[in-house]
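Biologist: Please take a close look at one part of this model, and then set it beside the rest of the chain. What is the volume of the largest cavity, and which residues line it?

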Amino acid sequence: MSGGRSPALVVRTPGDVVLEERDAPVPGRGEVLIRPDVVGLCGTDLDLVAGELDPAYTRYPLVLGHEWSGTVVSADGAGLAPGTRVVAEGIVPCGHCARCRAGDTNLCATYDELGFTRDGAAAGYVAVAAPLVHAIGPAVSAEDGALVEPASVVYRALAGSAVAPGCRALVVGDGTVALLAVRLLGLWSPGEVVMLGRREGQARLAATAGAARFETSPEAAGTGYDLVIEAAGTTDAVLTALAAARRGGSVVLIGLPPHGETAAVPVDDLVNNDLTIRGSFGYTSSAWRDVVGLLNSGRLRLDFLVTHRFGLADWQQALDALRGSESPRGKVMLTIGSPEALLTLTPPPRPTPEVSS
């Protein structure tokens, strides 16, 4: 089944971004044709536009859109009826290399990902292999669904860390990934979660996410944390995170500084303080399933993070909002279909559920 032609947000080469008409992809055997409803934009999209990501993880020209949710148009024997609302993993694992067999699909020997090496979802249609597609429940909003991708990144990082009930945790950064880290930390019933950001205007979003305090200076945030999550994506933030952990504590690095940037790390302090440092890349299929399950069960809600909404035709304004210093700013979202159609896909507001275990 074909969807005809529709606009797509294309980065032809770094710095050259256009909205152009493209034919709908023709789904192959075992693929699902999906009409994207909303697409989230993030700092990584700005890096793709600027050409600042490691070339090993990009391929131009490309259609942006790695955070999204949509509606099934057709599914070749995948058990998904047309009209089913879905999300889809962006990382496309081979399924047979050693890392995939071990469940580490984020470390597949062949890196392939929607919105990076293959066309993403900022378009009228996208085709995705059926095993990567997950149905979302009727109470899950389209915007909740679009946030599954970054939430899965954070969830995997936390699940593999020293997070535990009663722990003191510091999140360094105040963007979407940092706010998601605060919200998801609540699943483990920590004793205290503090956010260390740079923009005072993010304080209300931080409180909504679950932070007990929002600080803008390392001195006010303090030290001695059991777990520190670096989610700002700068080398300065990494150094701040390392300094904030207690002796014997853990530091998890989720943020991604521009390719090639380095930091002068006091290695003797790392040894003397017996720190555990873990970098976390992307998400696994298992982490993705867990996040979808939390949303579908009502234990998790994410769409409180969306502060800016634009139509696909207003993509330049959306990118400008992402680059700007306006605050509060959480997730910047593009509506791919008409706003009228989206209303039928977004449930009415509901109370925020408890996230503690």
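Modeller: The largest cavity has a volume of about 30 Å³. The count at a cut-off of 30 Å³ or more comes to one cavity. Its lining is made up of I91, V92, P93, T105, N106, L107, C108, T110, Y111 and D112. By class, six of these lining residues are nonpolar, three are polar and one is charged.

This is a predicted model, and the confidence values belong with any reading of it. Mean pLDDT for the protein chain is 91, with 93% of the residues at 70 or more. The stretch 339-357 stays under 50, although the model gives it 43 contacts beyond four places in sequence. Where pLDDT is low, the predicted coordinates should not be read in detail.

Now the sheets. One is an open sheet of six strands in the order β11-β10-β9-β12-β13-β14, paired in parallel. Its edges are β11 (213-215) and β14 (276-279); each has a single partner strand, so one side of each is left without a neighbour in the sheet. From one strand to the next, the twist averages 20 degrees. Within this sheet, β9 (residues 168-172) runs parallel to β12 (residues 225-230), and four bridges join the two. One residue pair can be named here: V172 has E230 of β12 as its bridge partner. Helix α8 (residues 235-244) lies across β9, β10 (192-196), β12, β13 (245-253) and β14, and makes an angle of about 150 degrees with β13.

Another open sheet has three strands, ordered β2-β1-β4, and its pairing is antiparallel. Here β2 (16-23) and β4 (62-63) are the edge strands, and because each has a single partner strand, one side of each is without a neighbour in the sheet. Two bridges link β1 (residues 5-13) to β4 in the antiparallel sense. On the β4 side, L62 is the bridge partner of V11.

Some backbone details remain. Most residues other than glycine have a negative phi, and most peptide bonds are trans. Against that background, the bond joining Y60 and P61 is cis, with omega about -5 degrees. P61 sits in the loop between α1 (43-50) and β4. A cis peptide bond also runs from S327 to P328, with omega near 10 degrees; P328 is in the loop between α11 (315-323) and β16 (331-335). S189 is not a glycine, yet has a positive phi of about 55 degrees. The loop that holds S189 runs between α5 (176-185) and β10, and β10 is one of the strands that helix α8 lies across.

To return to the request: the largest cavity has a volume of about 30 Å³, and its lining includes I91, N106 and D112.

Technical notes. Residues numbered from 1 in each chain as written. Predicted model: local features only at pLDDT ≥ 70, side-chain atom pairs only at ≥ 80, totals over all residues. Heavy atoms only, no water. Pairing = 2+ DSSP bridges. pLDDT = per-residue confidence, 0-100. Contact = heavy atoms within 4.5 Å. 1 Å grid on protein atoms, 1.4 Å probe; cavity = no way out; pocket = protein on both sides within 12 Å on 5 of 7 lines; lining within 4 Å. Points joined across faces, edges and corners; volume = space filled by probe spheres on them. Nonpolar A, V, L, I, M, F, W, Y, C, P; charged D, E, K, R; others polar. Axes fitted to C-alpha atoms, helices over the stretch in contact; angles between N-to-C directions.
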